[in-house]
Amino acid sequence: MANEEDDPVVQEIDVYLAKSLAEKLYLFQYPVRPASMTYDDIPHLSAKIKPKQQKVELEMAIDTLNPNYCRSKGEQIALNVDGACADETSTYSSKLMDKQTFCSSQTTTNTSRYAAALYRQGELHLTPLHGILQLRPSFSYLDKADAKHREREAANEAGDSSQDEAEEDVKQITVRFSRPESEQARQRRVQSYEFLQKKHAEEPWVHLHYYGLRDSRSEHERQYLLCQGSSGVENTELIKSPSEYLMMLMPPSQEEEKEKPVAPSNVLSMAQLRTLPLADQIKILMKNVKVMPFANLMSLLGPSVDSVAVLRGIQKVAMLVQGNWVVKSDILYPKDSSSPHSGVPAEVLCRGRDFVMWKFTQSRWVVRKEVAAVTKLCAEDVKDFLEHMAVVRINKGWEFLLPYDGEFIRKHPDVVQRQHMLWTSIQAKLEKVYNLVKETMPKKLDGQSGPTGLVSGDQRVQVAKTKAQQNHAFLERELQRRKEQIRASAVLPGVRIKEEPMSEEEEDEQEGEEEEEPMDTSPSGGLNNRLANGLPAGRAVGGDSFNGHPPPGCANTPVARELRAFVEATFQRQFVLTLSELKRLFNLHLASLPPGHTLFSGISDRMLQDTVLAAGCKQILVPFPPQTAASPDEQKVFALWESGDMSDQHRQVLLEIFSKNYRVRRNMIQSRLTQECGEDLSKQEVDKVLKDCCVSHGGMWYLKGTVQS
């Protein structure tokens with residue numbers, strides 16, 4: 001109140017809002033000049049504007065008679081720009097730099113808070129601004145001078161030698177046909193800086209007439225800055241109640257929606273993904289990952305999602321291959337699209353990719369040459385198909401990316417049967433299109449006779465037995481060789497056995513043996529007989545462990561290095577993790593990786609735990625209560641023992657406390673830290689340690705991931 005008495009109101013001014021020029025009024029900001037000189041005193045030779053870009057160019061005369069003007073410099077600039085000969089296209093027709101161009105740029109894109117004010121007869125009239133432009137000198141004439149200089153140099157180098165030649169030399173011309181532009185390439189081109197500059201340059205200039213400050217037309221237009229209606233019809237925005245006016249001055253706090261950056265097509269934001277409907281979430285995940293086990297998909301969607309709804313949605317966008325889900329071809333190649341490599345339409349690409357998927361339902365191995373020979377597609381398209389769902393193995397071919405998921409097959413026989421019927425229909429279409437031999441048709445039910453030319457079930461079993469006997473010796477030698485290799489690497493960890501590459505004939509023979517093996521007709525499925533613990537026999541032997549640890553030399557493999565890097569980075573961010581939470585984070589990490597990455601080769605729980613222990617972490621044996629509902633993976637707790645910071649000792653004391661107690665009170669933790677560290681720790685230091693490793697629930701502290709609600 002005292003401040004108000006010291007600052008009394010001396011005058012009240014009526015405010016009017018004029019709208020006659022609301023969509024037309026621009027504010028031009030010129031470069032600073034001496035106060036004695038105004039820009040209105042300078043003759044404006046021309047003016048032009050690009051309305052869409054709100055870009056203005058003004059051409060102003062230069063006072064060449066001013067004593068501060070350097071005439072020799074002006075003549076030199078004109079000579080450099082136009083050359084010795086002056087014509088109607090010359091920039092400076094007087095052979096003297098007698099004018100200057102000013103080009104505008106926007107100072108702000110939001111001008112709603114700015115207005116032009118005109119005070120007259122005790123009234124303040126406001127007109128909203130449509131744009132604010134800053135005018136700066138343009139030096140485009142220097143570009144013209146450089147171009148003239150380059151032309152003169154080129155003419156001097158060429159000389160008159162070309163005039164003496166009777167005819168020009170014959171030159172070879174290479175004709176190239178551009179590939180059809182894909183949708184992604186077109187979007188990148190449209191968003192490029194070069195394309196935007198070209199679009200801006202294509203907008204035509206609109207020439208304007210400039211009227212000075214004292215011109216009668218300017219005086220007439222200036223009257224529109226005054227509110228025309230004295231009745232206040234135009235000022236309804238200013239007629240507000242005190243509460244409404246206060247609301248306009250201080251609106252309720254709301255987070256301004258910021259423009260979100262456009263992410264690349266292969267990058268997913270899980271926060272944005274979970275705002276979409278479930279069907280769209282499944283489609284986006286499968287389109288980006290290409291191949292995924294059902295368990296991984298459920299972990300990505302979250303624990304609250306109904307598995308029945310997910311099963312219903314996954315069958316609309318993916319097909320079941322070896323117990324894993326592979327995205328459908330028409331999702332990757334929609335209608336009216338084409339191949340970026342060969343321009344082949346989407347229908348042909350979908351048919352070729354379906355053939356590759358069907359081949360993987362018959363065997364874990366596929367040969368690219370065979371696929372190309374059957375589908376008649378180019379090598380690049382076939383390679384794209386295989387990279388979506390397989391990984392190349394030297395001297396063997398392409399192996400399916402993920403191990404056989406027998407658990408899903410056992411849990412969902414109805415889904416497996418439905419997918420089998422779909423594959424039977426797809427197989428019939430492929431045989432009709434590609435004229436395939438019908439030896440791999442599924443076995444008919446008992447009592448049904450197959451069409452002429454098909455192999456019966458008994459014959460197929462007999463052929464399979466004969467083939468197995470023929471391959472028995474080869475498989476025995478291969479198994480013995482792998483065992484000797486593992487034994488040698490165990491004795492000499494630093495020595496690796498060099499494998500001689502197979503010749504092309506041996507490679508074709510081995511690939512033929514792998515692919516011509518008839519389909520197993522046993523009820524449990526043929527793939528299980530060729531797999532060991534969900535992995536191919538060769539890989540299962542190569543992955544044997546010694547006393548629970550990986551074989552010597554495995555730490556130097558690309559898979560081990562990638563896994564070690566993920567584990568170290570994860571524990572640097574979160575010092576304590578249960579095995580369940582670590583597996584969930586690993587699945588999220590896999591979802592962000594491109595198809596064909598080395599980590600998709602299959603990571604077991606044992607390999608993940610061994611990598612955690614090798615990365616400097618320790619397992620904390622938390623004494624869970626007998627009635628706990630925690631799963632075995634949730635009861636395995638790992639913690640980073642040493643991170644290299646000042647809090648390592650404090651964290652180690654805290655972890656030792658929880659190795660003997662499931663939950664602890666804060667005062668006990670603080671007293672134990674003070675006793676072990678031999679110093680009086682501050683509240684901030686204790687809070688930091690607790691924040692790194694623990695969570696609070698019901699007044700008690702638990703290790704992260706161990707609290708049971």
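Okay, let's start with lysine 48: this residue forms a salt bridge with glutamate 57, and the closest N and O atoms are 3.7 Å apart. Lysine 48 counts as partly exposed, because its relative accessibility is 23%. Keep in mind that what you have on screen is a predicted model.

Staying with charges for a moment. Side chains of opposite charge can pair when their charged atoms come close. How many salt bridges does a search of the whole structure find? The search gives 19, and I'd like to walk you through a few more of them.

Take glutamate 221 and arginine 217. Their closest N and O atoms are 3.5 Å apart, and they form a salt bridge. Both residues sit in helix 6, which covers residues 216-222, and they are four residues apart, so about one turn of the helix. Glutamate 221 comes out as partly exposed, at 30% relative accessibility. Arginine 217 is partly exposed too, with a value of 42%.

Now for a pair that reaches across elements. Aspartate 687 and arginine 666 meet through their side chains in a salt bridge, with 2.8 Å from N to O. This one links distant parts of the chain: aspartate 687 belongs to helix 28 (residues 683-693), arginine 666 to helix 27 (residues 666-677), and the two are 21 residues apart. As for accessibility, aspartate 687 is at 27%, which makes it partly exposed, and arginine 666 is at 24%, again partly exposed.

And if you keep looking around there, you can pick out a network of salt bridges that links Asp648, Arg651, Lys688 and Asp692.

Speaking of residue 648, helix 26 runs over residues 648-658, and valine 653 has its place in that helix. Is valine 653 buried or exposed? Buried, because its relative accessible area is 7% and the cut-off for buried is under 20%. What does valine 653 touch, leaving out residues up to four places away in sequence? The answer is Arg672, Leu673 and Glu676. You can also look at isoleucine 669: that residue is 16 residues from valine 653 along the chain, and their C-alpha atoms are separated by 8.9 Å.

Okay, aromatics. The structure holds nine aromatic pairs. Here's one of them: phenylalanine 294 and phenylalanine 408 have ring centres 5.4 Å apart and planes at 50 degrees, so we call the pair tilted. Phenylalanine 294 is in helix 10 (residues 294-301) and phenylalanine 408 is in helix 16 (residues 406-411), so this pair ties together parts that are 114 residues apart in sequence. Both of these phenylalanines, 294 and 408, are buried.

Another one is phenylalanine 355 with tyrosine 434. Here the ring centres are 5.7 Å apart and the planes are at 70 degrees, so the pair is edge-to-face. Phenylalanine 355 comes from helix 13 (residues 346-362) and tyrosine 434 from helix 17 (residues 413-434), so parts 79 residues apart in sequence are tied together by this pair. Phenylalanine 355 and tyrosine 434 are both buried.

Going back to the phenylalanine 294 pair, there's a third ring to bring in: ring pairs link Phe294, Trp325 and Phe408 into a cluster.

Next, cysteines. How many disulfides does the count come to? Zero. Why is there no bond at cysteine 693? Its closest cysteine sulfur, in cysteine 694, is 5.7 Å away, and that is too far because a disulfide needs the sulfurs within 2.5 Å. Cysteine 693 is buried, with a relative accessible area of 1%. Cysteine 70, on the other hand, counts as partly exposed at 42%.

Out on the surface, have a look at Tyr245, Leu246, Met248, Leu249 and Met250. They make a nonpolar surface patch of about 590 Å². Leucine 249 is found in helix 7, residues 242-249, and it counts as exposed because its relative accessibility is 53%.

Last, zooming out. The protein has 28 helices and 22 strands. Of its 709 residues, 32% are buried. The protein exposes about 46200 Å², and carbon and sulfur atoms supply 52% of that. And among contacts with a separation of 6 or more, residues 24 or more positions apart account for 66%.

Notes
Residues numbered from 1 in each chain as written. Predicted model: local features only at pLDDT ≥ 70, side-chain atom pairs only at ≥ 80, totals over all residues. Heavy atoms only, no water. Patch = residues over 30% accessible without salt bridge, like charges linked within 9 Å, V, L, I, M, F, W, Y side chains within 5 Å. Areas by Shrake-Rupley, 256 points an atom, 1.4 Å probe, with all protein chains shown as cover. Salt bridge = Lys/Arg side-chain N within 4 Å of Asp/Glu carboxyl O. Buried < 20%, exposed > 50% of the residue type's maximum accessible area, 1.4 Å probe, protein only. Contact = heavy atoms within 4.5 Å. Phe/Tyr/Trp six-rings, centres within 6.5 Å; stacked < 30°, edge-to-face > 60°.
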